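Reader: I'm new to this one, so could you take me through a single part of it up close? I'd love to hear about the aromatic rings and what sits around them.

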Amino acid sequence: MPRRPATLIVVLLLALTILPQACGHHARVTVTPTSPTTPTASTANSGQAKLAPRLITKAYTYQDENTVNIYLSNLTPAELARTPNDEPLVGQIVHIHMFIRPDPGRTPIEPDALNTSIRHAILAPDGATGIYAGGGFLLPKSKARSGSFEGTISRGTLTLQAATPNFNDALGPASLRATFDVPNDTELANLMATRFADAVKQTARR
């Protein structure tokens with residue numbers, strides 16, 4: 001029998017955890033459908049699906065001040081380090097790629113501008129995997145070379161780009177808001193990049 005409803009409920013319950021306030025490095029990402037969705041058992045109170053994962057693992061790497069890759073996940077480094085032969089991961093990984101740093105007077109400094117691509121991988125039970133992708137405007141508040149990269153995205157967009165056949169899209173077209181202050185950790189960022197690439201490969205299998 002199809003297992004999509006159970007999978008969806010587990011994913012949404014996993015995602016609806018609220019990130020507590022914390023000192024030092026932090027990250028918060030909220031994804032909300034741009035149009036209301038049909039309520040489910042886990043979204044009956046809010047009236048629509050909403051993703052707000054507790055992002056406990058965060059890191060960035062950079063090529064220069066214009067090129068920064070930020071990775072955020074609700075999976076622990078130990079979970080992310082599992083081999084392909086282990087039990088499939090269940091969680092989320094967000095990849096934010098800033099490809100140009102806004103320069104006042106030379107580039108538009110407004111939420112409707114675009115200087116960043118965004119990808120969001122949802123890894124559900126039973127190997128169900130969905131890759132959402134879009135873009136937005138990232139306003140940095142620190143230099144990439146500082147060792148800690150801080151910034152905000154106030155009006156990003158996401159749509160489902162690829163998915164396994166058993167993945168149920170509960171979001172549809174969605175908007176994304178993010179605020180973060182993450183450490184420069186190339187090794188950890190590369191690990192999350194590898195797991196994100198694994199998720200993309202999963203959606204290509206038939």
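Author: Ring pairs join Tyr60, Tyr62, Phe149 and Phe180 into a cluster. Bear in mind that this is a predicted model. The count of aromatic pairs comes to four. Take Tyr60 and Tyr62: their ring centres are 6.2 Å apart and their planes sit at 35 degrees, so this pair is tilted, as the angle falls between the 30 degrees for stacked and the 60 for edge-to-face. Tyr60 is buried, with a relative accessible area of 0%, while Tyr62 is partly exposed at 33%.

Now look at another pair, Tyr132 with Phe167. These two meet edge-to-face, 6.3 Å centre to centre and with 70 degrees between the planes. Tyr132 belongs to strand S6 (residues 129-136) and Phe167 to the loop between S8 and S9, so their pairing ties together parts that are 35 residues apart in sequence. Tyr132 is buried, at 2% relative accessibility, and Phe167 counts as buried too, at 11%.

What about the strands on either side of that loop? S8 (residues 148-163) and S9 pair in the antiparallel sense over nine bridges, and Glu150 stands opposite Asp181 in S9. Strand S9 (residues 174-183) also pairs with strand S1 (residues 26-33), again antiparallel, over eight bridges. There, Val29 stands opposite Ala178 in S9.

Key. Residues numbered from 1 in each chain as written. Predicted model: local features only at pLDDT ≥ 70, side-chain atom pairs only at ≥ 80, totals over all residues. Heavy atoms only, no water. Pairing = 2+ DSSP bridges. Helix = DSSP H or I, 4+ residues; strand = E, 2+ residues; numbered from the N terminus. Phe/Tyr/Trp six-rings, centres within 6.5 Å; stacked < 30°, edge-to-face > 60°. Buried < 20%, exposed > 50% of the residue type's maximum accessible area, 1.4 Å probe, protein only.
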